Amino acid sequence: MHTKLRVIVAIGVVILASGCNNNSTNPITTLNPGALSATLQDGSDFISSTAKVTNNSSDYVIYATEDQGLPQNEIHVSVPTDATLPFTVDGSNGGDVLYYDVVSNNSYEANNAQGSCSITVTQLSPTFEGTFYARTICTTTSDSVRTLSNGEFNATYQ
């Protein structure tokens, strides 16, 4: 009887231990359709469940507003159209990230003229998915930099 119990316990331990493998076999999770998130320089998170993208033939533009209950700041991400996935753009080749702070009424932007950004598009359909980073600058205020890191989007088409 004790031998049978030991065998069952040993099998249980092996099963539990095989599940603890640093997530090496678990798939990477993606955002829900319509979501955009980013970490701001103060450590807070920008979270939107209403991210929309438009295709203006020469570029894609994502519009996202923070969810209810938060200051409803905005992020706009613009990338030129490109046929080969995945593709990455920065400010020097058409990437643009704008962060609008509602409380201060200031716009912070990263593009070819100021700041820096990197935007990677990984999927065009059925939703527009990818990641971004931006060091945005506002030219009209002394508190002129907003950094957006760990940015992700899964925007739905308008």
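Q: Buried means under 20% relative accessible area. With that cut-off, are Tyr-99 and Tyr-108 buried or exposed?
A: Tyr-99 is buried, and Tyr-108 is too. Keep in mind that this is a predicted model.

Q: Thanks! Which side chain does Arg-146 make a polar contact with?
A: That would be the side chain of Tyr-108, at 3.2 Å.

Q: And where does Arg-146 sit, and how accessible is it?
A: Arg-146 is part of strand S11. Its relative accessibility is 15%, so it counts as buried.

Q: What else does Arg-146 touch, leaving out residues up to four places away in sequence?
A: Besides Tyr-108, there are Gln-41, Tyr-99, Asp-101, Ala-134, Arg-135 and Thr-136. That list includes both Tyr-99 and Tyr-108, the two buried tyrosines you began with.

Q: Nice. Switching to rings: how many aromatic pairs does the structure hold?
A: Four. One of them joins Tyr-60 and Phe-128, with 4.7 Å from centre to centre and 35° between the planes, which makes it tilted.

Q: Where do Tyr-60 and Phe-128 lie in the fold?
A: Tyr-60 belongs to strand S4 (residues 59-65) and Phe-128 to strand S10 (residues 128-137), so their pairing ties together parts that are 68 residues apart in sequence. Both Tyr-60 and Phe-128 are buried.

Q: How are the rings of Tyr-99 and Tyr-108 arranged?
A: Their centres are 6.2 Å apart and their planes meet at 50°, so that pair is tilted.

Q: Back to Phe-128 for a second. Which residues form an aromatic cluster with it?
A: Tyr-60, Phe-132 and Phe-153 join Phe-128 in one cluster.

Q: OK, new topic: Tyr-157. Which strand is that in?
A: Tyr-157 is in strand S11, which covers residues 145-157. Arg-146 lies in S11 as well.

Q: Why does Tyr-157 count as partly exposed?
A: Because its relative accessibility is 32%, and partly exposed runs between the 20% and 50% cut-offs.

Q: What does Tyr-157 contact, apart from neighbours within four places in sequence?
A: Val-53, Tyr-60, Leu-124, Pro-126, Thr-127 and Phe-128. Tyr-60 and Phe-128 from the aromatic cluster are thus both contacts of Tyr-157.

Q: How far is Tyr-157 from Phe-128, C-alpha to C-alpha?
A: Those atoms are 7.5 Å apart, while the residues are 29 places apart along the chain.

Q: Last one: what lies 2.5 Å from a polar side-chain atom of Tyr-157?
A: The backbone oxygen of Leu-124. Leu-124 is also among the Tyr-157 contacts I listed.

How values were computed. Residues are numbered from 1 along each chain as its sequence is written. This is a predicted model: local features need pLDDT of at least 70, side-chain atom pairs count only at pLDDT 80 or more; totals for chains, interfaces and linings use all residues. Side-chain values use heavy atoms; hydrogens and water are left out. Helices (H or I, at least four residues) and strands (E, at least two) are DSSP runs, numbered from the N terminus. Buried means under 20% relative accessible area, exposed over 50%, partly exposed in between (1.4 Å probe, protein chains only). Contact means heavy atoms within 4.5 Å. A polar contact is a pair of N or O atoms within 3.5 Å; within protein, one must be able to donate a hydrogen and the other to accept it, and residues adjacent in sequence count only if both atoms are side-chain atoms. Rings of Phe, Tyr and Trp (its six-membered ring) pair if their centres lie within 6.5 Å; planes under 30 degrees apart count as stacked, over 60 as edge-to-face and the rest as tilted.
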